[in-house]
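Me: I'm new to this structure and I'd like a close look at the empty space in it. Could you walk me through the cavity and the pocket, and the strands around them?

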Amino acid sequence: MGLVGALAGAVVAGGAQSAHDRSGGRLLRLAPGDQIAVAGTNLHCAVSSSGGPTTIACGSGSGRSPRAGSYGLAVADTALLVLKTTASSTPAQVRREAEPSGSGATFPGPAAGGRSFRAVVGTVATVTGTHVFCAVERLQGTTYVTCGPADGSARFFVKSYVGAVSDTNIFVIRKLDQKRTTTVFQHRQP
């Protein structure tokens, strides 16, 4: 339960202003086709490049395929999905949470991507043309990628769902108000 509490604390803090270890960070403005590999982990994120709402998907695996049996996240302005990868490395939806409509301007950035980045603890990323904000955080010795819809100050929207994935765990937390959250999904990675 301590890890869930620490993760909830990071969500309440809003994202980029968390008091957790964020050494060596930088801002990435991601566009469709961009990918991130998280240093020291098997975590990988990719931004959708065609069809449907712009979405960032993060999980354990490589740029070519997720690790069989692992859980991951797909986050867009409209929904957060929890995915589990089948034995053939095909993602299957486990849970879907509808996101509330965000207000304010979407995050700026390039219209086209195709770039590959290496992210370290402290890296934050915004997805161009969306309200989706992600951060690479280290909580209780484990590196997580945390993503959800946020405002221009990197505060996750009230009533939004925020996901966090590591090589060992996955969590989805709902932000009830500026100080309270509730865990709606958690699972250990295989």
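Reply: Here is a tour that begins with the enclosed space, moves to the sheet beside it, and ends at the open pocket.

Keep in mind that this is a predicted model. The idea behind the search is simple: rolling a probe the size of a water molecule over the atoms shows where empty space is left.

Let's begin with the enclosed space. The count comes to 1 cavity of 30 Å³ or more, and the largest cavity holds about 60 Å³ of space. Its lining is made of 13 residues, and the ones nearest the centre are Ile 36, Ala 125, Cys 134, Val 136 and Val 145. What is the lining made of, by class? There are 12 nonpolar residues and 1 polar one, with no charged residues.

Which strands supply that lining? Strand E2 (35-38), strand E4 (56-60), strand E9 (124-127) and strand E10 (132-139) each bring at least two residues to the largest cavity. E10 gives the most, with 3 residues.

E9 and E10 also take us to a sheet. It's an open sheet of 7 strands, in the order E1-E9-E10-E11-E12-E13-E14, and the pairing is mixed. Strand E1 (27-30) and strand E14 (181-188) stand at the edges with a single partner strand each, so one side of each has no neighbour in the sheet. From one strand to the next, the twist averages 20°.

Now zoom in on the E1 end. E1 and E9 run parallel and pair over 4 bridges. One pair to look for is Leu 28 with its bridge partner in E9, Ala 125. You've met Ala 125 already, since it is among the residues nearest the centre of the largest cavity.

Just along the chain you'll find Thr 123, in the loop between strand E8 (116-119) and E9. Is Thr 123 buried or exposed? Its relative accessibility is 3%, so it counts as buried, the cut-off being under 20%. The side chain of Thr 123 also reaches the backbone oxygen of Val 120, at 2.8 Å.

Next comes the open space. The largest pocket has a volume of about 300 Å³. It is lined by 21 residues, and Ala 57, Cys 58, Gly 59, Pro 66 and Pro 91 are the ones nearest its centre. Two or more lining residues come from each of strand E3 (43-47), E4, strand E5 (71-75) and strand E6 (79-85). E4 gives the most here, with 4 residues. E4 also supplies at least two residues to the lining of the largest cavity, so to speak of one space is to run into E4, and to speak of the other is too. By class, the pocket lining divides into 9 nonpolar, 10 polar and 2 charged residues.Let's finish with E6, one of the strands in that pocket lining. E6 is mostly covered, with 5 of its 7 residues buried. It has antiparallel pairings with E5 over 5 bridges and with strand E7 (residues 91-98) over 7 bridges. On the E5 side, Leu 73 has Val 82 of E6 as its bridge partner. On the E7 side, Ala 79 is matched with Ala 98. Both pairs of strands form hairpins: E5 and E6 have 3 residues between them, while E6 and E7 have 5 residues between the strands. In that second hairpin, Ser 89 takes a positive phi near 65°.

Conventions: Residues are numbered from 1 along each chain as its sequence is written. This is a predicted model: local features need pLDDT of at least 70, side-chain atom pairs count only at pLDDT 80 or more; totals for chains, interfaces and linings use all residues. Side-chain values use heavy atoms; hydrogens and water are left out. On a 1 Å grid over the protein atoms alone, a cavity is a set of points where a 1.4 Å probe fits but cannot get out, and a pocket is an open set with protein on both sides within 12 Å along at least five of seven lines; lining residues have an atom within 4 Å of a point. Grid points are joined across faces, edges and corners, and a volume is the space filled by probe spheres set on the points. Ala, Val, Leu, Ile, Met, Phe, Trp, Tyr, Cys and Pro count as nonpolar, Asp, Glu, Lys and Arg as charged, and the others, Gly among them, as polar. Two strands pair if DSSP finds at least two bridges between them. Axes are lines fitted to C-alpha atoms, for helices over the stretch in contact, and angles run from 0 to 180 degrees between N-to-C directions. Buried means under 20% relative accessible area, exposed over 50%, partly exposed in between (1.4 Å probe, protein chains only). A polar contact is a pair of N or O atoms within 3.5 Å; within protein, one must be able to donate a hydrogen and the other to accept it, and residues adjacent in sequence count only if both atoms are side-chain atoms.
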